Amino acid sequence: MTNRDRLLGLGVVVLWGLNFLAIRVGLDHFEPFFFAALRFAVIAVPVLIFVPRPQVPWRWLLLYGVGFGILQFAFLFSAMRAGMPTGLSSLVLQSSAPFTVLLGAVFLRERLRPMQFAGIAVAMAGMAVIGWDRSHSAALLPLVLTLLAGLGWAFGNIGSRMAAAHAAPGGPVNPLHLTLWMTVIPPLPMFALSALVEGPTTGLRDLAASFSVTGWPAYAALAYIVLLGTIAGSGLWTYLMSRYPAGTVAPLSLLVPVVGIAASWAFLHERPTAVSLLGAAIVIAGAFTATSARPGQSAKSAKRIVGIRASMFNTRYAKQDPTDQTPVPAA
């Protein structure tokens, strides 16, 4: 990876780490389900008008949108609204990495290497350390909700990978177009869930109340999440994923909790305990091990795997490395 691309990768890490601060600000003004729906609706409308739909089966696009868009953010926003610290949220959400490896083994019959088993075990041990620490100082429910958000993200990862593998003949699917079209799935179900759980008029009242001197931070947070956290961050990540093997780029995402925890410490005065920091280090080490790519994998081979056609999928996908076709992460 060139120095320029390393800087771009670190820029994405900073954008995504600060994204959790924006989420916290938004949740101070909006109910979690309504805010999640609003976040995706702002992107989905122009996508429907200007972005061509990737030629992938609807069932995989729906799995991607339900897992990544609905389950992840319904649980994550609820957890943060229930008291999950912002910095710790950015860390526990990385549980999606070992969850993805496990789901790939269960549903896609991907073979796990011994190092991946070890990495998953280490990551789970780190989560146990954090859970033990929180059980002495706070409720466990927000932690469990954040873990469920990581599991939802993992199901979305499976949908994304299956969609790319089953793309229509004629060339590989555009990863950015696939990510953008994922945003079309969550808005209506999330608005319906908000009306059912939070009240049919609560979100609209909050939206109207935000048009005030004290409400502008909510729109600034929404603008950051959409423009910088999703479009700019995902666009740069897609560019890097198109140039380098997944195993070279994907570990950079494990630096996101470092930025998230540091930013929350600096701006929100969320000071993590020493035990939580120890658990964080264990989780990151385990996730890195579980998602590391084969030694010596070339960028050319990674691109070939990303562009695999449906006709090749039936014979080759069982041998594919679980870290290939890493989807575009976003918080």
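**A first look at an all-helix model**

User: How much area does the chain expose, and what share do carbon and sulfur atoms supply?
Analyst: This is a predicted model, where local features need pLDDT of at least 70, side-chain atom pairs count only at pLDDT 80 or more, and totals for chains, interfaces and linings use all residues. Accessible areas come from the Shrake-Rupley method with a 1.4 Å probe. The chain exposes about 14200 Å², and the carbon and sulfur share is 72%.

User: How many helices and strands does the chain have?
Analyst: Helices (H or I, at least four residues) and strands (E, at least two) are DSSP runs, numbered from the N terminus. The count comes to zero strands and 16 helices.

User: Which residues touch the most other members of the largest nonpolar core?
Analyst: Such a core joins buried Ala, Val, Leu, Ile, Met, Phe, Trp, Tyr and Cys residues through side-chain atoms within 4.5 Å, with buried meaning under 20% relative accessible area (1.4 Å probe, protein chains only). The largest one has 61 residues, and α3 gives the most, with ten. The residues that touch the most other members are L76 and F77.

User: Where is confidence lowest, by helix?
Analyst: Confidence here is pLDDT, given for each residue from 0 to 100. The chain's mean is 83, and helix α9 (residues 187-197) is highest at 96. Where pLDDT is low, the predicted coordinates should not be read in detail. The lowest mean, 40, belongs to residues 299-306, helix α15.

Note on methods:
Residues numbered from 1 in each chain as written. Heavy atoms only, no water. Buried < 20%, exposed > 50% of the residue type's maximum accessible area, 1.4 Å probe, protein only. pLDDT = per-residue confidence, 0-100.
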